[in-house]
Amino acid sequence: MKRMQSNVRRVPCGRTLVAAGLFLTLSGVGLAQNESRPSASANSSTADSKEVKAETTRKPSFSAAPSYGIAQIQKINEEVRRVWVDNQIAPSPPASDVEWCRRVYLDVIGRIPSVDELRAFVASRDSDRKAKLVNKLLTDEAYTDEYARNWTTIWTNILIGRNGGLDNNTMINREGMQKYLRDSFARNKPYDRMVYELVTATGGTAPGAEDFNGATNFLVMKLDENAAQATAMTAKIFLGLQVQCTQCHNHPFNDWKQQKFWEFNAFFRQTRSQRLGMRREMGNAKLMNQDFPGEGTPANPAEAIIYYEERNGELRSSFPVFVDGTEISRSGYLSECDRRTELGKLIVSSPYMDKVMANRMWQHFLGYGFTKPVDDLGPHNNPSHPALLDYLGEQFRYVSHDLKELIKWITLSEAYSLSSRIVKTKNDKDDPLLGEQPKFSHFYLRQMRAEELYESLLVATEAHKTRGTFEEVERQKADWLRQFTIAFGTDEGDEATTFNGTIPQALMLFNGDLIKKATDVSNGSFLHRVAASNIKPEAKIDYLFNAALSRDPTKDEFKIANALLVARKGDGAAALQDIFWAVLNSNEFIIQH
């Protein structure tokens, strides 16, 4: 405890207790907010700051949710409300504008809004200001790079994991994977095209290679043990079918047989990876196709059979058959049948691809998908909203798999606009943590992803304005993130993160280099600029709360913050340092609400 106090701030004990009081107040209040006080401006925009205050405490009446003239949004609202009626629950009231604004920035571009962005949104009185903001984040060139960065981060982790491309002997080139994804998202490449390219890719993994194709990084390290991991991960990620359970035995919960796994596996038997350069050279490899002779004796490429062993020791044979029963040529000759190309065509024509992506995106924005896990659409796993899941999958295909359209529908839906505050006797039983299927009658609290925290700290301190190239920033971020990732080394490449409220994470936030940099008061730092500005002390406090929490301080918070200013006896920078440290370490900062 002594060490924590000394690292928090180098101040006498009494003043540290005042800072601790603000920290405890923020943590105790959590996401509920006390009565607010009159607001002051941090940049001569008094009206804007007052708008932030007004939106924090506004209690809008609950009425029919707007659909913004978009049929898909109206249908989403109708289907979600139908479940509320069926379960006799009522939704929470809508979130305030400042809460919704912070929420949509985090989910769409992976960071909280800047003070200017927040105040600009709140100052708008347009009835369609939410739709305009979503369109701005999705289509304005000013946000293209951040949109692409956020979704590149998300999909890099899905496809190769947080550790992918960072091991000493890896063939994965993380920068190559990111380059492919960043280009795809920046151009709003249709999702079906992305899936096809990832499944069928050939070429080099590293940028700069003559035949560079960043999409190859998805499969290049998944071909060991007869491509068992390629089989499992391709089916799970792009079809929402967890066939890995059937690799060694029949599925325990439905009628899927072991045969299904090996029929899907047969699509990958023409594929191999080759390491280039010295073995210790990371991320330099090639993914290629070649004729597959089959596993029979003697070899017969024209009828390229594979064998697998059942639990009773009996050998069985299989050929490439898609999950819906569609068979392709049994030939292992590339000139007669490129099996991965055929697999890519079958995946993008499957309704499973549409539904699992709709499910995944719904989970990203609402905290839970319609199934748990989100990538398990098997017959044993009934969705919470089956009609809505089917509808979203169908509509996603109807708009040619335009991800931005899907994002627009979800972020402008009624469910996404609700407050995170549970209303007792109305929707307190809507709690997925108790094992119930989600009803989406309130916004489910969740912790920021580690990457979101990193980016949000940069924005809160305005450090994002002077960042380097994408590659430089990603390397710095990857180094910081590695402290939270644990690789399990399983056949499926499982990994976990300790960025989940554990003691190591708490200590990192209290004392870590990122927080120390964010609360630095040396010349040129964010806090030094705020402290040296010509605005009133109360406006400086407002500015820090706007920067980190997207709202103004409550009366209680402002009272404690003022006490810090008094306790510092004129050392405004030190007082602001204590205030900002407490705000950044609060539950409210790190929780998506």
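Q: Before we look at R82 and E79, what is a salt bridge here?
A: A salt bridge is a side-chain nitrogen of Lys or Arg within 4 Å of a carboxyl oxygen of Asp or Glu. In this predicted model, the side chains of R82 and E79 form one, with N and O 2.7 Å apart.

Q: Why would such side chains pair at all?
A: Side chains of opposite charge can pair when their charged atoms come close.

Q: And where do R82 and E79 sit?
A: Both belong to helix 4, which covers residues 71–86. They are three residues apart, about one turn of the helix.

Q: Is E79 buried or exposed, and why?
A: E79 is buried, because its relative accessible area is 9% and the cut-off for buried is under 20%. R82, at 41% relative accessibility, counts as partly exposed.

Q: How many salt bridges does the count come to?
A: The count comes to 30 salt bridges.

Q: Which residue forms a salt bridge with R81?
A: That residue is E414, and the closest N and O atoms of the pair are 2.7 Å apart. The two residues link distant parts of the chain: R81 is in helix 4, E414 is in helix 17 (residues 414–417), and their positions lie 333 residues apart in the numbering.

Q: What about the accessibility of E414 and R81?
A: E414 counts as buried, at 4% relative accessibility. R81 is partly exposed, with a relative accessible area of 29%.

Q: What does R111 pair with?
A: The side chain of R111 meets that of E146 in a salt bridge, at 2.4 Å from N to O. This pair also links distant parts of the chain, 35 residues apart. R111 lies in the loop between helix 5 (97–109) and helix 6 (115–123), whereas E146 belongs to helix 8 (residues 144–160).

Q: Are R111 and E146 buried or exposed?
A: Both R111 and E146 are buried.

Q: Which residues are linked in a network of salt bridges?
A: R162, R449, E451 and E452 are linked in such a network.

Q: Changing topic: what does E197 touch?
A: Leaving aside residues up to four places away in sequence, E197 touches Y180, K189 and A215. With Y180 there is a polar contact of 2.6 Å between the side chains.

Q: Where is E197, and is E197 buried or exposed?
A: E197 is found in helix 10, residues 191–200. At 19% relative accessibility, E197 counts as buried, since the cut-off is under 20%.

Q: On to the strands. In what order do they form the sheet?
A: Three strands form an open sheet in the order 1-3-2, with antiparallel pairing. The edge strands are strand 1 (203–204) and strand 2 (271–275), each of which pairs on one side only.

Q: How many bridges join strand 1 to strand 3?
A: Two bridges join strand 1 to strand 3, which covers residues 285–289, and these strands run antiparallel. The bridge partner of G204 in strand 3 is K286.

Q: Last topic: what pLDDT does the protein average?
A: The protein averages a pLDDT of 85, and 81% of the residues score at least 70.

Q: Where does pLDDT stay under 50?
A: Residues 1–16 are one such stretch, and the model has 18 contacts beyond four places in sequence for them. Residues 55–62 are another, with 21 contacts beyond four places in sequence. Where pLDDT is low, the predicted coordinates should not be read in detail.

How values were computed: Residues numbered from 1 in each chain as written. Predicted model: local features only at pLDDT ≥ 70, side-chain atom pairs only at ≥ 80, totals over all residues. Heavy atoms only, no water. Pairing = 2+ DSSP bridges. Helix = DSSP H or I, 4+ residues; strand = E, 2+ residues; numbered from the N terminus. pLDDT = per-residue confidence, 0-100. Contact = heavy atoms within 4.5 Å. Buried < 20%, exposed > 50% of the residue type's maximum accessible area, 1.4 Å probe, protein only. Polar contact = N/O pair within 3.5 Å; in protein donor to acceptor, adjacent residues only side chain to side chain.
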